[in-house]
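Here's a quick walk through one protein chain, meant to be read with the viewer open. Keep the sequence handy too.

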Amino acid sequence: MQHQTPRETHPSEILRRSIENDRVHSAFLLTGAGVLPSTTARDFARALVCREGTGLACELCDACQRSHVDEETEVIALDGKGKRGPTYRHIGDHPDLLWVEKGAGDTRITIGQIRDVQAAMRLGANEGGRRVAVIDGAEWLNPQAQNALLRLLEEPPAGTHLVLVASRGSAIIATIRSRSVRIRFPMAEDAGIRDPEASEEVVQIVGVLDALRDRSVGQLLDFAEQYRGARAPAAESVTELIDVSAEWLREEVKARVAAGQNPSVRSLDAHHSLQQLRRDLIGRNANPQMVAERLLLGLRDAVA
Ligand SMILES: [Zn+2]
């Protein structure tokens, strides 16, 4: 159920139409850098509970008045442990619109925050309509919290919608991604893997790829060692390695074209190989460490 955003349609227009046509999926993943994905998620959540159902908040109905966010008012700071503040807040003071983000001073969105939101989502809508939870900065969910969230995605209570906002899709586990409608913000794609907000894992992978030409086979095999161990988490990490590598390779090709060179046949072949590795990993349960090894050695050959 992975949708691509057509280039000609603006993300917020896709979301608006889903409400207008009353075909709203239970989970969305909005990806891109900057504040636009977050504000779009907020507007979408508000539009979902608007009485008019046109796909945009009418600003006049009682629901819109409740969900209105006064920019002047200071937002309630969250706390992952729920001590110095709540674990989630509402959009405006609408009881059916929940908002989760990293607590002030926290390094992660906690599993406790996810559990609280899940409990609230299962209660059923106060106003008898839809119930929406936005998880802003979903790249700050650790895998354990993401797996907790997965349960909500697998059996979404009727009328509930989950909107994840993340700077990069690859920060989200594949099992969540595959259950969500993916909305990409084209502006943000430019920042790509060089995004200063990128996770530590992404930065590490990009560092290895940038230095591929100078790495020995032994060094690359050593790097692939980290993908050994329990299959599920290792497969998630290798999925990220594949995603980042695909983007990195695209950049390589683009740079060559910009420099007036033709992209080498080998780099185009490498693209196909990455897709094949993804199929092997997900469809054929290939060993993650071996997939990582084949990927790194293959890419090294391609760019040598
Ligand atoms: Zn309204």
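What follows goes from the domains to the sheet, then the cores, one helix and a few loop residues.

**Two domains**

One thing up front: this is a predicted model. The domain assignment splits the protein chain into domain 1, residues 11-189, and domain 2, residues 199-303. Their C-alpha centres sit 32 Å apart. As for how they touch, 7 residues of domain 1 are in contact with 9 residues of domain 2. On the domain 1 side of that contact you'll find 4 nonpolar residues, 1 polar and 2 charged.

**The sheet**

Next, pull up the strands. There's an open sheet of 6 strands with mixed pairing, and the order reads β2-β3-β4-β5-β1-β6. Which strands stand at the edges? Those are β2 (89-90) and β6, and since each has a single partner strand, one side of each is left without a neighbour in the sheet.

β4 is a good strand to zoom in on. It pairs with β3 in parallel fashion through 4 bridges, and it also pairs with β5, again in the parallel sense, over 6 bridges. If you want to check the register by hand, here are some of the facing residues:

| Residue | Opposite residue | Strand of the opposite residue |
|---|---|---|
| Trp-99 | Val-134 | β4 |
| Val-100 | Ile-135 | β4 |
| Val-132 | His-161 | β5 |

So much for the pairing; how many residues of β4 are buried? The count is 6 of 6, so the strand is mostly covered. Arg-131, Ala-133 and Ile-135 point one way from β4, while Val-132, Val-134 and Asp-136 point the other way, and all of them are buried. Note that the charged-looking names in that list are covered along with the rest.**The cores**

β4 also turns up in the packing. The largest nonpolar core has 46 residues, and those with the most contacts inside it are Ala-45, Val-100, Ala-133, Val-134, Val-163, Leu-164 and Val-165. Which elements give two or more residues to this core? On the strand side they are β1 (27-31), β3 (97-100), β4 (131-136) and β5 (160-166), and on the helix side α2, α3 (62-67), α4 (111-122) and α5 (143-154). The largest share, 6 residues, comes from α2.

Apart from this core lies another one, of 26 residues, with Val-206, Ala-235, Leu-249 and Leu-299 among them.

Val-134 is a handy residue to click on in the 46-residue core. Leaving aside neighbours within four places in sequence, Val-134 is in contact with Ala-41, Arg-42, Ala-45, Trp-99, Val-100, Val-163 and Val-165. Trp-99 in that list is also the bridge partner of Val-134.

**Helix α1**

Now for α1, which spans residues 11-20 and has Pro-11, Ser-12 and Leu-15 as its buried residues. Why do these residues line one face of the helix? Looking down the axis of α1, they fall within an arc of 95°, so they end up on one face. A bit of helix geometry helps here: an α-helix has 3.6 residues a turn, so residues three or four places apart point the same way.

The face of α1 turned away from the buried side carries Glu-13 and Arg-17, both exposed. As for what covers the buried residues of α1, that includes α2 (36-49) and β6 (181-184). After the helix comes Asp-22, with a positive phi near 55°.

**Loop residues worth a look**

If you're scanning backbone torsions, two more residues are worth flagging. Glu-59 isn't a glycine, yet its phi is positive, about 70°. Glu-59 lies in the loop between α2 and α3. Is Glu-59 buried or exposed? With 12 other C-beta atoms within 10 Å, Glu-59 is exposed.

Asn-285 is the other one: its phi is near 55°, a positive value in a residue other than glycine. You'll find Asn-285 in the loop between α11 and α12 (288-303). It has 10 other C-beta atoms within 10 Å, so Asn-285 is exposed.

Finally, there's Asn-262, in the loop between α10 (231-258) and α11 (265-283). Asn-262 counts as exposed because it has 9 C-beta neighbours inside 10 Å. For a distance check in your viewer, try Asn-262 against Leu-221: they are 41 residues apart in sequence and 30 Å apart in space, C-alpha to C-alpha.

Notes:
Residues numbered from 1 in each chain as written. Predicted model: local features only at pLDDT ≥ 70, side-chain atom pairs only at ≥ 80, totals over all residues. Domains from an automatic or database assignment. Contact = placed C-beta atoms within 7 Å. Nonpolar A, V, L, I, M, F, W, Y, C, P; charged D, E, K, R; others polar. Buried ≥ 20, exposed ≤ 12 C-beta atoms within 10 Å, placed from the backbone. Arc of directions from axis to C-beta. Core = buried A, V, L, I, M, F, W, Y, C linked by C-beta atoms within 7 Å. Pairing = 2+ DSSP bridges.
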